[in-house]
Amino acid sequence: MTLDEIEARAATLHLRVLGGFHPESGDGAPEGCRTLLLLGPDEPAFWPAFSESPEYADGFTDPMARWSRRVVGGLAAALDAEPLFPFGGAPFLPFYTWALKTGRIHASPIR
């Protein structure tokens, strides 16, 4: 699967690839991870789509986390990939460090 194909699939879900890298020892990626891609909302279409989701409308807690598990988890399964999330409890994965490592995301002056 090419990056273009992954980006096209993500776009159908109102997501986009924010960046990625090939993890090295010490990056905190799961064992055997060869490529790590970070996804984020593809605005302006993301919020209207999310706000129509069952998770947003059901009144239960953490609608974004539940939506992410369902939608990103489904995308990962279709790509034969492992989804990783910045929520769910310790041990927390180093998403901020990964974002910086992509070279496409930069730290703000106040972090």
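This report walks through the nonpolar cores, a surface patch and a buried glutamate in a predicted model.

## The main core

Let's start on the inside. The largest nonpolar core is built from 9 residues: Ala10, Leu15, Phe46, Phe50, Trp67, Val71, Val72, Leu75 and Phe85. Two elements, helix H2 (46-51) and H4, each supply two or more of these residues. H4 is the biggest giver, with 4 residues in the core.

Now zoom in on one core member, Phe46. If you skip its neighbours within four places in sequence, Phe46 is in contact with His14, Leu15, Pro41, Met64 and Trp67.

## A second core

There's also another core, separate from the one above, and this one has 6 residues. Phe21, Leu36, Phe95 and Ala99 are among them.

## A nonpolar patch on the surface

Not every nonpolar side chain is tucked away. Trp47, Tyr56 and Met64 make up a nonpolar patch on the surface, and together they have about 300 Å² of accessible area.

Take a closer look at Met64, which sits in helix H4 (residues 63-78). Its relative accessibility is 32%, so Met64 counts as partly exposed. Met64 is also one of the residues that Phe46 contacts, so to speak a link back to the core section.

## A buried glutamate

Is Glu55 buried or exposed? Glu55 is part of helix H3 (residues 54-57). With a relative accessibility of just 6%, Glu55 counts as buried, because buried means under 20%.

What does Glu55 touch? Leaving out residues up to four places away in sequence, Glu55 touches Pro63, Arg66, Trp67 and Arg70. You've met Trp67 already: Trp67 is part of the largest nonpolar core.

Definitions and conventions. Residues numbered from 1 in each chain as written. Predicted model: local features only at pLDDT ≥ 70, side-chain atom pairs only at ≥ 80, totals over all residues. Heavy atoms only, no water. Patch = residues over 30% accessible without salt bridge, like charges linked within 9 Å, V, L, I, M, F, W, Y side chains within 5 Å. Areas by Shrake-Rupley, 256 points an atom, 1.4 Å probe, with all protein chains shown as cover. Salt bridge = Lys/Arg side-chain N within 4 Å of Asp/Glu carboxyl O. Buried < 20%, exposed > 50% of the residue type's maximum accessible area, 1.4 Å probe, protein only. Core = buried A, V, L, I, M, F, W, Y, C linked by side-chain atoms within 4.5 Å. Contact = heavy atoms within 4.5 Å.
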